[in-house]
Amino acid sequence: MSSVPELFGSLVFNDSVMKARLPKSAYKALRETRELGKPLDPKVADAVAAAMKEWALEKGATHFTHWFQPMTGITAEKHDSFITPVEDGKVLMEFSGKELIKGEPDASSFPSGGLRATFEARGYTAWDPTSNAFIKGKSLCIPTAFCSYGGEALDKKTPLLRSMDALNKQALRILRLFGNTKAKRVITTVGPEQEYFLIDKSMYEKRKDLVYTGRT
């Protein structure tokens, strides 16, 4: 039986897997996209797709899916097979950079928050390279954002990514005002608040902000 350290993250296409399987130039370019937000060259996407496919096949995957979070409260997936038929009746296992970067699920099947009419079925999933792909069952799951043809967010991830980008730009602006010229990107992280305060009732009653909000 495999040990816990061997099992942990074994089905995730994480940084160590990328470093081991990607050409050095492709790995460097992908890291710059993940860490600095630089655009990804289509040739690099092809290299990443090839490495992902080989890794996924070794793990027993037969399909790939763009995995996204529509406004339904649950996740959604659009599955496609790696199999491509060829003329002699056999098949090839293929996965291109184009298939990695973009998908086109039926947007009319998901709520739009009133942004568009339901008959406007065009919706696109776009690969989020900042989130690691992973294996679930027999499928390679690729984390993606989900947008309409006009760019409106149809999911919960797109507003998050846009908010992180806006915070990055403004935080860098403030850092420049304080003389920091070396920082290239500010990465946002969130976590649960774990501090609790016991306040004397008489003091609590004097604090209208606590009375009105019920919290600090």
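Here are two short exercises on a predicted model, each with a worked solution.

Residue numbers start from 1 along each chain as its sequence is written. Local features need pLDDT of at least 70, side-chain atom pairs count only at pLDDT 80 or more, totals for chains, interfaces and linings use all residues, and side-chain values use heavy atoms, leaving out hydrogens and water.

**Exercise 1.** Work out which side-chain pair links helix 2 with helix 3, and how exposed its partners are.

Solution.
- Helices are DSSP runs of H or I, at least four residues, numbered from the N terminus.
- Take aspartate 15 and arginine 31: their side chains form a salt bridge at 3.3 Å, N to O (a Lys or Arg side-chain nitrogen within 4 Å of an Asp or Glu carboxyl oxygen).
- Aspartate 15 sits in helix 2 (residues 15–21) and arginine 31 in helix 3 (residues 24–36), so the pair ties together parts 16 residues apart in sequence.
- Now accessibility: buried is under 20% relative accessible area, exposed over 50%, partly exposed in between (1.4 Å probe, protein chains only).
- Aspartate 15, at 28%, is partly exposed, and arginine 31, at 27%, is partly exposed too.

**Exercise 2.** Find the salt bridge that aspartate 165 makes, and say how its partners are spaced in helix 6.

Solution.
- Aspartate 165 pairs with lysine 169, with 3.5 Å between the closest N and O atoms.
- The two are four residues apart in helix 6, so about one helical turn separates them.
- Aspartate 165 is partly exposed at 31% relative accessibility, while lysine 169 is exposed at 54%.
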